[in-house]
Amino acid sequence: MSIPTVTIDQLPDPLPEGLSVLDVREEVEWVHGHIEGATHIPLSSVPVRANEVPDGQILVVCKVGGRSAQATMWLAANGYEVVNLDGGMLDWEAAGRPMVSETGGIPQVL
């Protein structure tokens, strides 16, 4: 099965209405910087927390794109409409896309 994938330059800025973001990074990565409004479910928890995955079209992100590719493959096989962000949050940050932080500091990708 091929993994549906987009790169940062293929993503509209801002993201279109109706497109949800699922961040599958670990908690420590999430708190330092993430896309506002994203749902956070670490990769290892996706199968057991699938009921928390948003409905509709979903952009799946991690730091570089490897973990999100795994999550995208699993979710697609289970009927979700998903696409992986190749380059992940590192490319998101490099493109100057907006992020928020839970630390009170400047958002950053760890």
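# Close-up views of a parallel sheet and its surroundings

**View 1. Strand 2 and strand 4 side by side in the sheet.** Strand 2 (residues 19–23) pairs with strand 4 (residues 57–61) in the parallel sense, over five bridges. The model shown is predicted, so local features need pLDDT of at least 70 and side-chain atom pairs count only at pLDDT 80 or more, while totals for chains, interfaces and linings use all residues. Residues are numbered from 1 along each chain as its sequence is written, and side-chain values use heavy atoms, with hydrogens and water left out. Strands (E, at least two residues) and helices (H or I, at least four) are DSSP runs numbered from the N terminus; two strands are said to pair if DSSP finds at least two bridges between them. Across this pairing, Val-21 faces Leu-59 of strand 4, and Asp-23 stands opposite Val-61. Four of the five residues of strand 2 are buried, which leaves this strand mostly covered; here buried means under 20% relative accessible area, exposed means over 50%, and partly exposed lies in between (1.4 Å probe, protein chains only).

**View 2. The five-stranded sheet and its edges.** The sheet is open, and its five parallel-paired strands follow the order 1-5-4-2-3. Strand 1 (5–7) and strand 3 (39–40) are the edge strands, each pairing on one side only. Strand 1 is joined to strand 5 by three parallel bridges, and in this pairing Val-6 stands opposite Leu-85. At the other edge, two bridges link strand 2 and strand 3 in the parallel sense, where His-40 of strand 3 is the bridge partner of Asp-23.

**View 3. Helix 2 and the crossover from strand 4 to strand 5.** Strand 4 and strand 5 pair in the parallel sense over four bridges, and Val-60 has Asn-84 of strand 5 as its bridge partner. From strand 4 the chain passes through helix 2 to strand 5, a right-handed β-α-β crossover. The term right-handed applies if, with the strands pointing away from the viewer, the path from the first strand over the helix to the second runs clockwise. Helix 2 (residues 66–77) lies across strand 2, strand 4 and strand 5 (81–86), and it runs at about 165° to strand 5. Axes are lines fitted to C-alpha atoms, for helices over the stretch in contact, and angles run from 0 to 180 degrees between N-to-C directions.

**View 4. Val-61 and the nonpolar cores.** A nonpolar core is a set of buried Ala, Val, Leu, Ile, Met, Phe, Trp, Tyr and Cys residues joined through side-chain atoms within 4.5 Å. The largest such core has 16 residues, and Leu-11, Ile-35, Leu-59, Val-61, Leu-85, Met-89 and Trp-92 have the most contacts inside it. Strand 2, strand 4, strand 5 and helix 3 (88–94) each give two or more residues to this core. Neighbours within four places in sequence aside, the residues in contact with Val-61 include Val-21, Ile-35, Leu-85 and Met-89; contact means heavy atoms within 4.5 Å. A second, separate core of 12 residues includes Val-24, Val-46, Val-53 and Cys-62.

**View 5. Asp-13, the cis peptide bond and Arg-97.** The peptide bond from Asp-13 to Pro-14 is cis, with omega near 5°, and Pro-14 is placed in the loop between strand 1 and strand 2. The side chain of Asp-13 also meets that of Arg-97 in a salt bridge (3.5 Å, N to O). This pair links distant parts of the chain, since Arg-97 belongs to the segment after helix 3 and Asp-13 to the loop between strand 1 and strand 2, 84 residues apart. Arg-97 is buried at a relative accessible area of 9%, whereas Asp-13 is exposed at 54%.

**View 6. Salt bridges of Asp-23 and Glu-29.** A salt bridge is a side-chain nitrogen of Lys or Arg within 4 Å of a carboxyl oxygen of Asp or Glu, and by this rule the count comes to four. Asp-23 forms one with Arg-25, their closest N and O atoms being 2.7 Å apart; both Asp-23 and Arg-25 are buried. Another joins Glu-29 to Arg-67, with 2.9 Å between the closest N and O atoms. Here Arg-67 lies in helix 2 and Glu-29 in helix 1 (residues 27–32), 38 residues apart. Arg-67 counts as partly exposed at 24% relative accessibility, and Glu-29 counts as buried at 9%.
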